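Open the model in your viewer and keep the sequence panel beside it. This tour goes stop by stop, with something to select at each.

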Amino acid sequence: MASKQYWLLKSEPDCYSFDDLKRDGHTEWTGIRNYTVRNMLRDTMQKGDLALFYHSSAKPPAVVGICEIAGDAIADSTAWDKDDDHYDPKASPDNPIWYARKVKYVKPLKSPISISKLRETPGLEGMGILKKGSMLSVTPVTEEEWKIITKGT
DNA sequence: GCCAACGTTGGC
DNA sequence: GCCAACGTTGGC
């Protein structure tokens with residue numbers, strides 16, 4: 001088994017916040033409708049990987065906590081739910097197209113790190129989240145970046 | 001298979 | 001609410 005990998009999961013707190021995850025304990029990370037993200041989530045992630053929980057479109061946008069990839073890839077059944085916001089008419093139980101992962105609450109950061117703070121921090125310049133125009137809701141995080149961000153928590 | 005048009009994302 | 005950047009779509 002390859003060594004542990006690190007990720008950053010982006011969510012709008014109005015949609016699903018880190019506090020929601022704390023309340024629930026775990027959740028299914030569904031609604032991914034981007035092929036790059038799907039491939040990472042389905043093929044590259046491993047059960048037991050750790051992830052940063054990032055609040056996008058928040059005031060301010062920030063990394064707020066830590067969670068864990070708690071299961072293997074599973075078909076995203078919201079894709080064939082007509083009432084779901086992320087309904088995809090091309091998906092079906094026989095051809096799921098989209099996948100999800102179970103994610104488990106771990107703990108909050110000692111204090112949230114805003115995007116402007118991330119930009120100012122040496123060693124984090126290369127983070128996917130900071131790239132202009134990055135729209136990926138899941139991005140890999142290096143061990144180095146992970147250590148800097150979670151130091152002291 | 002090219003590429004322009006369009007929709008979406010997300011920081012500001 | 002603006003707008004730059006990106007992914008996706010669809011006509012050809």
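A polar contact is a pair of N or O atoms within 3.5 Å; within protein, one must be able to donate a hydrogen and the other to accept it, and residues adjacent in sequence count only if both atoms are side-chain atoms. Keep that in mind for the DNA stop.

This is a predicted model, in which local features need pLDDT of at least 70 and side-chain atom pairs count only at pLDDT 80 or more, while totals for chains, interfaces and linings use all residues. Residues are numbered from 1 along each chain as its sequence is written, chains are lettered from A and ligands numbered from 1 in the order in which they are written, and side-chain values use heavy atoms, with hydrogens and water left out.

**Stop 1: DNA strand C**

Select Lys132 and DNA strand C. A backbone N or O atom of Lys132 sits 3.3 Å from a phosphate oxygen of the strand. Now add the other residues around DNA strand C: Asn34, Tyr35, Lys90, Gly133 and Met135. A residue is near a strand if one of its heavy atoms lies within 4 Å of it. Which parts of DNA strand C account for 87% of its atoms within 4 Å of the protein? Sugar and phosphate do.

Colour the nearby residues by type. The surface near DNA strand C has 2 nonpolar, 2 polar and 2 charged residues. Here Ala, Val, Leu, Ile, Met, Phe, Trp, Tyr, Cys and Pro count as nonpolar, Asp, Glu, Lys and Arg as charged, and the others, Gly among them, as polar.

**Stop 2: chain A as a whole**

Switch to cartoon view. Chain A has 4 helices and 7 strands. Helices (H or I, at least four residues) and strands (E, at least two) are DSSP runs, numbered from the N terminus. The order along the sequence is β-α-β-α-β-β-β-β-α-β-α. The C-alpha atoms fill a box of roughly 45 × 40 × 30 Å along the principal axes.

Try a surface view next. Of the 153 residues in chain A, 45% are buried. Buried means under 20% relative accessible area, exposed over 50%, and partly exposed in between (1.4 Å probe, protein chains only).

**Stop 3: the aromatic rings**

Select Tyr35 again, now with Trp98. Their ring centres are 4.8 Å apart and their planes are at 40°, so the pair is tilted. Rings of Phe, Tyr and Trp (its six-membered ring) pair if their centres lie within 6.5 Å; planes under 30 degrees apart count as stacked, over 60 as edge-to-face and the rest as tilted. Tyr35 belongs to helix α2 and Trp98 to the loop between β5 and β6, so the pair ties together parts 63 residues apart in sequence. Is each ring buried or exposed? Tyr35 is partly exposed at 47%; Trp98 is buried at 3%.

The whole structure holds 5 aromatic pairs. Select Phe18, Trp29, Phe53 and Tyr105 to see one aromatic cluster.

**Stop 4: two loops**

Go to the loop between β3 (50-55) and β4 (62-69), where Pro60 lies. The peptide bond from Lys59 to Pro60 is cis, with omega near -10°. Ser57 is in the loop between β3 and β4 too. Ser57 is not a glycine, yet has a positive phi of about 50°. Ser57 is exposed, at 60% relative accessibility.

Move to the loop between β5 and β6 and pick Ile97. Ile97 also has a positive phi, about 60°, without being a glycine. Ile97 is buried at 12%.
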